[in-house]
Amino acid sequence: MSQFPDGFVWGTATSAYQIEGAYREDGRGLSIWDAFCRMPGKVLNNENGDIACDHYHRYAEDVALMQTMGVTAYRFSISWSRLLPQGRGQINEAGFAFYDQLINSLLDNNIQPWVTLFHWDLPLALHLEMDGLLNPEIADYFAHYAKLCFERFGDRVKHWITLNEAWCSAMLGYGLGIKAPGHVSTVDPYIAGHNLLRAHGKIVDIYRRDFQSKQNGVIGISNNCDWREPKSDSPADQAAATRALEFFLGWFADPVYFGDYPESMRKNIGDRLPFFSDKDQSLIKDSSDFFGLNHYTTMLSENIEDEQLLQNNIRGNGGIAADQMVLLSDDPDWAKTDMGWNIVPWGCRKLLEWITERYNRPAIYITENGCAIFDDSIKGTINDSGRIDFLKGYLQEISKAIDSGVDVRGYFVWSLLDNFEWEFGYKMRFGLHYVDFVTGDRIPKQSADWYKSVIKNNSL
Ligand code: PNW
């Protein structure tokens, strides 16, 4: 049996573009995802988030689903262009009203809101008018938007996450081009990532100076990282695995904990990797009250010096292999989710131990973990035993990590609902609840019931 510490936070997570819908209602402005989905061939079946789970209209029902499960926290994101349709300037009161209602309804049900300010959906106007994340000024617009959120919601929101998975915005959005805005480059991901970190630093500075002591909340960043297991015990492969982790997690966590990028990145990326000004550095260093981690899978890492081989190894979650000089592969014995992601629960424990050691034992919240697993039936009980096994396996390893001294304080299942899974459209279903995308009906899967008992017992 795995017992979790008292006060452990149990939650579920979603993001605005993936569930809200109502994409042009009540004054919402467009985001880069609205535009990306309209480029033929970018998203499976050319689907989009126009309606998604229609959470904008059905939020009360969704809060009730969470109340039934007994979650104590709900992580969602705010759509920047719902509050500021052009990303800056004119504000949209209807957008504030929506989040006010959502937050109040959560609190009425004893669910703590954990609010992500940016989950990839940059206002389209900022992209078109000023080059989006590539323009250093974007950090000031981020800060302005964040300040509005603190002013309007901070009396009730006590947990803030500045950025969700900056790695994905930077690498998948500006490097590999598989997410919005669909830009392909070996230079720009490092600029976009740099500006995201600068934005994060500014946002946290504003919160700490003007709001934190009055509002008594915490603020941090959530980064995603898979585990990288050395393919062999050769020193070269071990170094390759460490390097791969540095290019993935270290890229965004090292500046926050140490004030600069990992040395391996400086060495391999050279002058494509920007430098922090002293001012930015002082804002970014020590800018997270907790370590937010999104974790999904594990791969084997092998040291490779042949650039040619690496060019062909561009995998969705590997980044630019030729910068890392790492070849990723799977152990054929590993089972896979529908996403093709390896199911390796012990990889999660090893990653937690690695973070604990490298970043000096931070308080960790797993702000996303979950899987897309094919669900057999639509009507009645949805038998998703594969998802239960996945979550059980990962939670067991998290519990082991806690026993060995890792300070994990909470866990959020991705996701509350089946939703718009970005470039995979509606095909990949990550939810604890099945969503019928024709009628909008939600049906709890067995995993929702299972999660309820885990929360109730605070143990597996
Ligand atoms: C995360 N990778 O995306 C996001 O935060 C969610 O919005 C998303 O629905 C969920 O995980 C499932 O995909 C990721 O390539 C996308 O390593 C790509 C990667 C990791 C996470």
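This is a short tour of a predicted model, going from the whole chain to the ligand and its surroundings.

**Whole chain.** Show the protein chain as a cartoon. It has 17 helices and 13 strands. Along the principal axes, its C-alpha atoms fill a box of roughly 55 × 50 × 45 Å. The radius of gyration is 21 Å, which agrees with the value near 23 Å for a compact globule of 460 residues.

**The pocket.** Now select the ligand and turn on the protein surface. The space that the ligand takes is the largest pocket.

**The shell.** Next, select the residues within 4 Å of the ligand. There are 20 residues around the ligand, and the closest are Q18, H119, E368, E421 and W422. Colour the shell by class: 10 of its residues are nonpolar, six are polar and four are charged. Which helix gives the most to the shell around the ligand? Select residues 166-174: this is helix α8, which contributes three residues, the most to the shell.

**Polar contacts.** Show side chains as sticks and look at three residues in turn.

- E421: a polar atom of the side chain lies 2.6 Å from an oxygen atom of the ligand.
- N164: an N or O atom in the side chain is 3.0 Å from an oxygen atom of the ligand.
- W414: a polar atom of the side chain is 3.1 Å from an oxygen atom of the ligand.

How much of the ligand's accessible area does the protein cover? On its own, the ligand has 460 Å² of accessible area, and the protein covers 97% of that.

Conventions. Residues numbered from 1 in each chain as written. Predicted model: local features only at pLDDT ≥ 70, side-chain atom pairs only at ≥ 80, totals over all residues. Heavy atoms only, no water. Polar contact = N/O pair within 3.5 Å; in protein donor to acceptor, adjacent residues only side chain to side chain. Areas by Shrake-Rupley, 256 points an atom, 1.4 Å probe, with all protein chains shown as cover. 1 Å grid on protein atoms, 1.4 Å probe; cavity = no way out; pocket = protein on both sides within 12 Å on 5 of 7 lines; lining within 4 Å. Sits in = over half its atoms within 2 Å of the grid points. Helix = DSSP H or I, 4+ residues; strand = E, 2+ residues; numbered from the N terminus. Nonpolar A, V, L, I, M, F, W, Y, C, P; charged D, E, K, R; others polar. Rg over C-alpha atoms; globule rule 2.2 N^0.38 Å.
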